[in-house]
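Me: I have a protein model open and want to learn to read its salt bridges. Can you walk me through them?

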Amino acid sequence: MAPRSQQDVVEAQPAAAATVSRAQKSEPMQTRQEPSPDLPRRSHQRRSKQHEEGEYRPSPPPPPEIQGYLPMYLRKCVFPLGRDFCQTPFFDPRLIVQLMAEGFLPIAAENVLLPKLHEERCVIPLPANFHIRKSTRKKAHKFNITFNKAFDQVVQNCHEQHEHCWLHPPLVQAFRIIWDQHPNGVRAILENRRACSVRIYSTEVWDTDGNLVAGELGYSVGCIYTSLTGFSFVDSAGSVQLAALGSLLCKSGFQMFDLGMWMEYKESMGAILMPRREYVDFVHAVRSRDSHVRLPSTDEKPLECRQVIDEFMGVGKAKAQPPTGKKKQNKPPKKSRSCEKKKPSDVRQEQSQPNCNSGEDTDVTMS
């Protein structure tokens with residue numbers, strides 16, 4: 001058979017298409033999909049007709065679980081994004097305060113705010129679960145701790161240590177506005193007409209020469225302190241910072257040290273995983289009730305990390321000292337005569353005499 005030229009193939013295409021069209025009209029399709037036995041036939045026919053006419057629209061997928069944790073007043077500007085995240089283009093400080101008061105941890109990508117609500121939150125119940133290693137306590141004498149002394153420097157050091165840091169400029173600016181409202185913080189207005197204060201803290205750890213060697217950013221809602229991000233430039237400075245901060249949280253009346261995402265080193269401090277529902281319920285229970293709880297002021301002078309840790313661990317407490325002066329010598333008690341060894345003749349003599357000290361009643365007559 002001689003090969004066909006390209007022109008013959010092109011001329012044959014319209015004829016082949018017309019033949020296929022006539023065959024489709026004259027013969028029914030053999031591969032027609034039967035209606036599902038689980039659905040009524042009328043409903044299936046109605047959907048097929050709507051689909052052919054272009055009117056059928058599939059039902060939208062169910063909303064993600066995280067949407068149930070968004071209050072109605074936030075759903076107008078905050079939208080679910082995946083399993084743990086929401087998203088919004090707004091970086092207003094008042095919006096961020098409201099998200100914190102609802103249990104969300106605000107982080108950011110470029111030009112978008114990503115409030116995160118972990119499926120399982122890594123937390124330390126205070127003071128029962130908080131644990132400090134002895135090695136950390138021994139190294140703590142090299143450092144001092146302050147609060148809210150160097151916010152900008154802490155942010156800069158976090159950027160230097162973390163290559164891809166979520167502290168984008170719009171979020172840092174919003175944090176700075178909230179941080180400026182110390183010590184009272186910014187009030188979040190809740191759905192039940194209550195309010196709570198949200199405070200952002202910068203924690204700084206200094207060496208004996210006055211150099212900033214470690215620190216972090218965090219915030220408090222009620223009696224919950226949440227750690228956002230931190231840095232450490234000197235060996236053991238970061239562990240000392242967490243130990244001293246946790247000790248001061250216990251002393252100040254905080255009941256939870258929220259560490260966000262789970263990491264192995266946090267387990268050694270006493271951290272546990274709390275399900276999302278339990279965490280949010282706890283936030284709602286304490287945010288207004290314990291709104292007065294706050295970390296101490298260090299305006300006058302920094303606090304020694306070793307002393308702070310020792311106070312929490314109960315080390316070095318003053319013991320009861322004996323009075324000054326000469327100590328009274330405790331002489332052994334003198335033996336009474338009744339305890340002395342008696343001769344047999346003395347015993348017989350005592351038995352013959354009446355016992356006036358016995359418990360029996362005696363009649364006494366006066367002459």
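Reply: We take salt bridges first, then one residue in a helix. Keep in mind that this model is predicted.

Me: How do I spot a salt bridge, and how many salt bridges are there?
Reply: Look for a side-chain nitrogen of Lys or Arg within 4 Å of a carboxyl oxygen of Asp or Glu. By this rule, the count here is 15.

Me: Which residue forms a salt bridge with R276?
Reply: E65 does, with the closest N and O atoms 3.5 Å apart. The pair links distant parts of the chain, 211 residues apart. R276 sits in helix 9, while E65 sits in the loop between helix 2 and strand 1.

Me: Is R276 buried or exposed?
Reply: Under 20% relative accessible area means buried, and over 50% means exposed. R276 has 4%, so R276 is buried. E65 has 54%, so E65 is exposed.

Me: What about the side chains of E102 and R287?
Reply: They meet in a salt bridge of 3.3 Å, N to O. E102 is in the loop between helix 3 and strand 3, and R287 is in the loop between helix 9 and strand 13, so the bridge ties together parts 185 residues apart in sequence. E102 is buried at 4%. R287 is buried at 8%.

Me: Where is M313?
Reply: M313 belongs to helix 10, residues 305-313. Its relative accessibility is 31%, so M313 counts as partly exposed.

Me: Which residues is M313 in contact with, leaving aside neighbours within four places in sequence?
Reply: I132 and R137.

Terms used:
Residues numbered from 1 in each chain as written. Predicted model: local features only at pLDDT ≥ 70, side-chain atom pairs only at ≥ 80, totals over all residues. Heavy atoms only, no water. Helix = DSSP H or I, 4+ residues; strand = E, 2+ residues; numbered from the N terminus. Buried < 20%, exposed > 50% of the residue type's maximum accessible area, 1.4 Å probe, protein only. Contact = heavy atoms within 4.5 Å.
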